[in-house]
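Let's take a stroll through this structure together. Have the sequence and the 3D view handy as you read.

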Amino acid sequence: MRVVDLILRKREGGPLTRVEIEGLVGGITDGSIPEYQTAALLMAIVFRGLDADETAWLTDAMVRSGRRVDLSSLPGVKVGKHSTGGVGDKMSLIVVPIVAACGVLVPKSSGRALGHSGGTIDKLESIPGFRVDMPMGECLAVLGELGCVFVGQTADLAPADKKLYALRDVTGTIESVPLIASSIMSKKIAEGANALVLDVKVGRGAFMKTADDARRLAGAMVEIGRRVGLPTRAVLTAMDAPLGRAIGNALEVIESIETLKGRGPADVTELSTTLASHMLVVAGVAADEALARARVAEVIASGAALDKFRAVIARQGGDASVVDDYSRLASTTAREAVPARQRGFVVGIDAECIGRASMLLGAGRERLDTPIDYGAGILLRASVGEQVEAGQPLAELCIGRHARAQDARTLVDSAFAIGDTPQPSRPLVHDVVG
Ligand code: URA
């Protein structure tokens, strides 16, 4: 079968068979199918979609395009966690040590910041010395010793997805439920966990702008998990405003440590508790969410979760004294407040604007090869629902060396919506699927 015939069939809304999908993924991986044909096929999929069978076959072919990690030598359930990405989303830094402190193994692989959303790997690398690029043997050793490990995504896991994602990024073909679902799940399945919790973000700062779209994505991923015997639960969570008050790598590390010390902002504490609890339930170590939440509260109160974070930082080459001395983390000398233009109530903080501003200050990257300034970012000084006076600081900009500060300032100013009356607070968790 010629590739062009498959493109034509999908363009007209027809189905692809398993063998055809395997052939396509094989050709994309080994480069025998030219990128212009792959791009045309991706665009046909964006418009025509894939059914549940096609999505599962695509995922499976992408998993088999590379290596699948075997964690069976380590006893116990291994739970994966993934977020579809948001602004101020430092959940992994908090949730991974909490769940490991509860006795469940967490192999956590993560990506880097791109565009307006941050990346766990950059946040961890803002801790002096922290290494995420360890050989597989060492990753397994850390996981076995401590119950958790943080690693960057390696090239040999789902290489077909790496190629497809890079092409989707430049051809306007990211926004497709089956393509996003198969992309995320292929990497998670290849990582070898036995159960998975997904944080599917919904709102202005997320891929999925509406709860209905997020529910469709969550349903597609849960179904892929079901078909391969990977119990998967998706938690739909709000990403209209940034999470917490810190946006930027070292700033988010500090907020994560504060949360592990029991002093985090309410939304960060609540969401990390919720996600960690779901992980304990899918791992089978807590009978229900209420018992799981109690266990999470226990390991925070006892300091066990913080000790776990300290231990994993040290084991991965990082300076664990940052936990007690934040001055050891990068910071910027240039700081500047963005004042409120008027008196009133903060009724919204646009997460996407704040994420873009943080990137312009030096905390993120427009392209994968842009260097990062670990101390740069934004500290929010007012939250949604708060009353502010004219001139009161809404945010503090931590300005990196190569920052586009003026553009960032304008974005932060425009991100805050101030009204005459407070809005009712919106739920952090929209739904749970699976
Ligand atoms: N994250 C991924 O890993 N893949 C997508 O397609 C979108 C978000």
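What follows starts with the whole chain and then stops at a few places inside it.

First, some ground rules. This is a predicted model, so local features need pLDDT of at least 70 and side-chain atom pairs count only at pLDDT 80 or more, while totals for chains, interfaces and linings use all residues. Residues are numbered from 1 along each chain as its sequence is written, and side-chain values use heavy atoms, with hydrogens and water left out.

Now the big picture. The chain has 16 helices and 13 strands; helices (H or I, at least four residues) and strands (E, at least two) are DSSP runs, numbered from the N terminus. Along the principal axes, the C-alpha atoms fill a box of roughly 65 × 45 × 40 Å. How does the radius of gyration of the chain, with its 434 residues, stand against that of a compact globule? The globule would have a value near 22 Å, and the chain has 22 Å, so the two agree. That radius is taken over C-alpha atoms, and the globule rule is 2.2 Å times the number of residues to the power 0.38.

What about inside and outside? Of the 434 residues, 57% count as buried, meaning under 20% relative accessible area (exposed is over 50%, partly exposed is in between, with a 1.4 Å probe and protein chains only). The accessible surface of the chain comes to about 17400 Å², and 53% of that belongs to carbon and sulfur atoms. As for charge, there are 49 positive and 52 negative side chains, and the centres of the two sets lie 1 Å apart. Here Lys and Arg count as positive and Asp and Glu as negative, leaving out His and the chain ends; each charge is placed at NZ of Lys, CZ of Arg, CG of Asp or CD of Glu.

The fold also ties together far-off parts of the sequence. Among contacts (heavy atoms within 4.5 Å) with a separation of 6 or more, 78% join residues 24 or more positions apart.

Take M134, in the loop between helix 6 (120-125) and helix 7 (136-146). M134 counts as buried because its relative accessible area is 6%. Its C-alpha atom is 8.5 Å from that of Q316, although the two are 182 residues apart along the chain. Leaving aside neighbours within four places in sequence, M134 is in contact with Q316 and with C139, V142, V149, F150 and V151.

A little further along is A158, in the loop between strand 3 (148-152) and helix 8 (159-171). A158 has a positive phi of about 45° although it is not a glycine. Most residues other than glycine have a negative phi. A158 is also buried, at 2% relative accessibility.

Next comes helix 9 (residues 177-190), with 14 residues. Its end C-alpha atoms are 20 Å apart, which agrees with the 20 Å expected at 1.5 Å a residue; the expected span is 1.5 Å times one less than the number of residues. Helix 9 is mostly covered, with 14 of its 14 residues buried. Just after helix 9, G192 takes a positive phi of about 85°.

Finally, find V346 in strand 8 (residues 344-349). Is V346 buried or exposed? Buried, because its relative accessible area is 0%. Leaving aside neighbours within four places in sequence, its contacts include A382, V384, F416 and A417.

Conventions:
Areas by Shrake-Rupley, 256 points an atom, 1.4 Å probe, with all protein chains shown as cover.
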